[in-house]
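Student: Please choose one part of this structure and look at it closely with me. I would like each term explained when it first comes up.

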Amino acid sequence: MKYFTNVQELQKLSNRTEYEAYFLKSVYELVEQPLLSSRPDVAIYPFNKSKPRFIKNAAGKSTPYNWRLDFLNAGSPLVFVTTYKLIDMLVEWILKGNKQEYSFRFAEKIKKLKKISALPPLLKQHSWLLERLVGLYETLEPFRGTIIHNESFSATNGNLTVSNSKKNQVEPPIEISADILRRFAHAVITVLKCIEGSWKFDKLQERYLSYILNEISFLHGHQQLDPKEPTHICVRKYCSCSEMDCIDLPSINSDIASKYKIYDWSFDLHLVIVSESTPSKAFFFPWDALSPDENEMSIPSPRHEYEKEIPNDINPEDLQP
């Protein structure tokens, strides 16, 4: 349906959700690709060596005062209802695209949402994502009502304790930890941004989104998908110019698989060309370029499109023959 790919309609969705999305992205410092970061290469293949040296990432560094921590310690109810509001605005946008009239009543919108056929391409192509989005919308609606209309909730150190108080009957509360609340917000922001097109939904994004939805499965009521936590690293390999055409990617794959076997892993490849013990060129091949097909890996062409500056943190010992 053209409505869900129409640039003007997508912009309307973006404009409508702009404030709430900005708020959550700011307080949680959410980014498009959390698996990709500025951390250094962590698997190093020295020149003429077939096995890597793994470098442990630096431990968490101390940081100056951060207002976000103070806010989140007390602001969990606001984070919860803001995240739920984003789902609600997305649902209303989808219902409008199906020419469905709706009132303010959530039960009515939930019922109509389950019957529609036209959907944004992202949700149409990934039924598991639609199921969990609908699950969040339906399961959490009573708790949103409690926070807005009742006092049967509390916030302590970023954790939220809230009861279903529909029909004036207060049920036993559920506990939503600060970490789960962050993942809830991150999942909804990611879905929204990928639907409107400002974030890319690639293999890395899909892996991370499915993982955080696993982590909040008790909020949407659907079974977990892949239980492994995703991780993404950068491999650096020093080689001669002639070796570049015969990089043994299966061996690198095997080394990474052995090291990170408890994870759903992937890697980027940083090739540094060495001539007479001196780096002469460098290339950076992202995972999507190395593995466009799940069953096959290769160095992509044309190579010059992937040429980058030579790293400034080279250990001279890694250049020796």
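Tutor: Helices (H or I, at least four residues) and strands (E, at least two) are DSSP runs, numbered from the N terminus. This is a predicted model, in which local features need pLDDT of at least 70 and side-chain atom pairs count only at pLDDT 80 or more, while totals for chains, interfaces and linings use all residues. Residues are numbered from 1 along each chain as its sequence is written, and side-chain values use heavy atoms, with hydrogens and water left out.

The chain as a whole comes to 12 helices and 9 strands, and its C-alpha atoms fill a box of roughly 80 × 45 × 30 Å, taken along the principal axes. The part to look at closely is the sheet, together with the helices that lie against it. This open sheet has 6 strands in the order β2-β1-β6-β7-β8-β9, with mixed pairing (two strands pair if DSSP finds at least two bridges between them). At its edges are β2, residues 53–54, and β9, residues 307–308, each of which pairs on one side only. Within the sheet, β7 (residues 263–275) and β8 (residues 278–285) are joined in the antiparallel sense over 7 bridges, and if you look for His270, you will find that its bridge partner in β8 is Phe284.

Two helices can now be added to the picture. Helix α11, residues 249–259, packs on the sheet and touches β1 (43–45), β2, β6 and β7, where contact means heavy atoms within 4.5 Å. The direction of α11 makes about 135 degrees with that of β7, and such angles run from 0 to 180 degrees between N-to-C directions, with axes fitted to C-alpha atoms, for helices over the stretch in contact. Helix α9, residues 203–215, lies across β6 (229–239) and β7, and runs at about 145 degrees to β6.

Helix α11 also takes part in a salt bridge (a side-chain nitrogen of Lys or Arg within 4 Å of a carboxyl oxygen of Asp or Glu). The partners are Lys51 and Asp255, whose closest N and O atoms are 2.8 Å apart. Because Lys51 lies in the loop between β1 and β2 while Asp255 belongs to helix α11, this pair ties together parts that are 204 residues apart in sequence. The two ends differ in their surroundings: Lys51 is exposed, with a relative accessible area of 55%, whereas Asp255, at 9%, counts as buried (buried means under 20% relative accessible area, exposed over 50%, partly exposed in between, with a 1.4 Å probe and protein chains only).

The pair in α11 can be set beside others, since a search of the whole structure finds 18 salt bridges. One of them joins Glu20 and Lys85, with closest N and O atoms 3.0 Å apart. Here Glu20 sits in helix α1 (residues 7–28) and Lys85 in helix α3 (residues 76–97), so the pair ties together parts that are 65 residues apart in sequence. Glu20 is buried at 9% relative accessibility, and Lys85 is partly exposed at 40%. Another salt bridge, between Asp202 and Lys200, has its closest N and O atoms 3.8 Å apart; Asp202 counts as buried at 11% relative accessibility, while Lys200 counts as exposed at 51%. Elsewhere, Arg16, Asp88, Glu92 and Lys109 are linked in a network of salt bridges.
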